[in-house]
Amino acid sequence: MTKILSIGTAIPAYRHRQQDILQFMQRVYALDYTGERKLRFLYQHSGIDSRYSVLPDYSAPIAEWKFYPATESFEPFPSLELRMSWYQKYAASLSVDAIRKCLAEAKQSPQGITHLITVSCTGMSAPGLDLQVMELMELPRSLNRSSINFMGCYAALHGLKQADAICRSAPGAKVLVVCTELCTLHFQKSATADNIASSLLFGDGSAAVLLSNDEQQKGHAIRGFYSEVIPKGKKDMSWELSSSGFQMTLSGYIPELIATDFSPLVSRAVSGFGLQINDISQWCIHPGGKRILQAVEKSLALPGHALAAGYEVLKQYGNMSSPTILFVLKEMLEMGASGNMLAAAFGPGLTMETCWMEAEPV
C-alpha cells in the first residue's frame, strides 16, 4: 500500500499584497474609469490577501523593478527567453527548499530516494528541473527520473498517481514528487479577460511529497484515483506557448461547468472505490479561485466549513497551479484531518482528477 510520508512546502522571497498587485496591474492595463472600477471590484472579491513571487516588481517602486522595463509603455515587454532564464534561475532552488522540509519531516536521507518526479507547467528545458534538483540535493546518479509538464493545476494528483504505480511495482521504492510553478513570470499586459483573470489569481510556490510502500512506516494511505475529461470545457481552460510567454485561457464559465458536472463525477469515482459519497469525511479541493470552491460547495451541497483549508490557502497564497492542492492537503493533515478523504483538482481539457486517501490522525 502506498503511503504519503511527508509534505514540504516553500514560497519565494517576495510577498505581495493583493492591493499592491492591483495597483501594478492598473498601471499595466491603463484602463478607463469603468475598467478600473471593474478591476478593483474583482480584486476586492477575489478571496486573496497576498501572493508570492520570485519577482519584486509587483509591490516595488519603479526604480527597483528587476524584471519589467521601467518605461511608460512597458516595452520591451519580457520575452519568452527572459521568462525562461528567470525560471532556470529560481525554480530549482525553490524546489530544493520544499524537498528539504519534506525529507526533514520524514527523517529521510536524500541518498535513500529511488525515484524523482518533477511537475511544472511554467518552465521547461533539457537538461531540466529534474537534473537541477538531483545535482543540488546530491541525489544518487542512478536515480529514476520522470517529468510531468504542461498539465496545469491537476498535475500534482497525476504525479501522485505515477508515484503510486511505482510504489506498487517496486518494493522498497521511495518516490519524491516535487511540484514547482513560477506563474508570475507569465503575466501579460493586454487587458483581455483571460489575462486579467490570470493576473488576479496566480502566484508562485513549490510543494514536495515523499511516498513509500513500506508497511513499517506511518503515513496517509493512497487508495485510488479517478479522472474524467469534460469535452465541452475544452476551450474554457488552456495553456499555450507564445513568443511573449505562456498564454492562459481561463473562461468565467468554468465554475458553472464544475457546479453542474462535479457531483456526478464524484458519484462515479466513489462508486468505483466501493464507497458512497457519505463515506467521504474530508474534501481536499484545489482552490483554483473563490468561485471554483463555491461551485464545488454548491455541487456537493457541502457545509460552509468543509473547504476551509482551501479558502485559507487561496487567501494566503493565491492559486499556485500544481503545488496548490498539496498546500491544502498539508494544511488539512496538520489540522488533524482523518478518515476517507477525496482530493480533486481541475485543469486543461477540462480535466477533473480525483484521489481517494485514508488520512491518519497526527
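This is a short chat about a predicted model, covering its sheet, two of its helices and its aromatic rings.

Reader: Start with the sheet. How many strands form it, and in what order?
Author: Nine strands form an open sheet. The order is β5-β4-β6-β7-β1-β8-β13-β12-β11, with mixed pairing.

Reader: Which are the edge strands?
Author: They are β5 (144–149) and β11 (282–285). Each of them pairs on one side only.

Reader: How are neighbouring strands turned against each other?
Author: By 25° on average, with direction ignored.

Reader: Take β1 and β8. Parallel or antiparallel?
Author: Antiparallel. Strand β1 covers residues 3–10, strand β8 covers 220–229, and two bridges join them. At one bridge, I4 has H220 in β8 as its partner.

Reader: What does helix α3 touch on the sheet?
Author: Helix α3 (residues 80–106) packs on the sheet and touches β1, β4 (115–120), β6 (174–182) and β7 (204–212). The direction of α3 makes about 135° with that of β1.

Reader: On to α4. Which of its residues are buried?
Author: In α4 (residues 129–136) they are L129, D130, V133 and M134.

Reader: Why do they line one face of the helix?
Author: Look down the axis of α4: the buried residues fall within an arc of 135°, so they share one face. In general, an α-helix has 3.6 residues a turn, so residues three or four places apart point the same way.

Reader: And what covers the buried residues of α4?
Author: The cover includes α3, β4, β5 and β6.

Reader: What comes just after α4?
Author: E138, which takes a positive phi of about 55°.

Reader: New topic. How many aromatic pairs are there?
Author: The structure holds 16. One of them is F24 with F74. Their ring centres are 6.1 Å apart and the planes stand at 80°, so this pair is edge-to-face.

Reader: Where do F24 and F74 lie?
Author: F24 is in helix α1 (residues 18–29). F74 is in the loop between β3 (50–53) and α3. The pair therefore ties together parts that are 50 residues apart in sequence.

Reader: Are those two buried or exposed?
Author: F24 is buried, at 5% relative accessible area. F74 is buried too, at 2%.

Reader: What about Y68 and F77, how does that pair sit?
Author: Tilted. The centres are 5.7 Å apart, with 40° between the planes. Both Y68 and F77 are buried.

Reader: Which residues form the aromatic cluster?
Author: F24, Y58, W65, F67, Y68, F74, F77, W86, Y90 and F187 form one cluster.

Technical notes
Residues numbered from 1 in each chain as written. Predicted model: local features only at pLDDT ≥ 70, side-chain atom pairs only at ≥ 80, totals over all residues. Heavy atoms only, no water. Pairing = 2+ DSSP bridges. Helix = DSSP H or I, 4+ residues; strand = E, 2+ residues; numbered from the N terminus. Axes fitted to C-alpha atoms, helices over the stretch in contact; angles between N-to-C directions. Contact = heavy atoms within 4.5 Å. Buried < 20%, exposed > 50% of the residue type's maximum accessible area, 1.4 Å probe, protein only. Arc of directions from axis to C-beta. Phe/Tyr/Trp six-rings, centres within 6.5 Å; stacked < 30°, edge-to-face > 60°.
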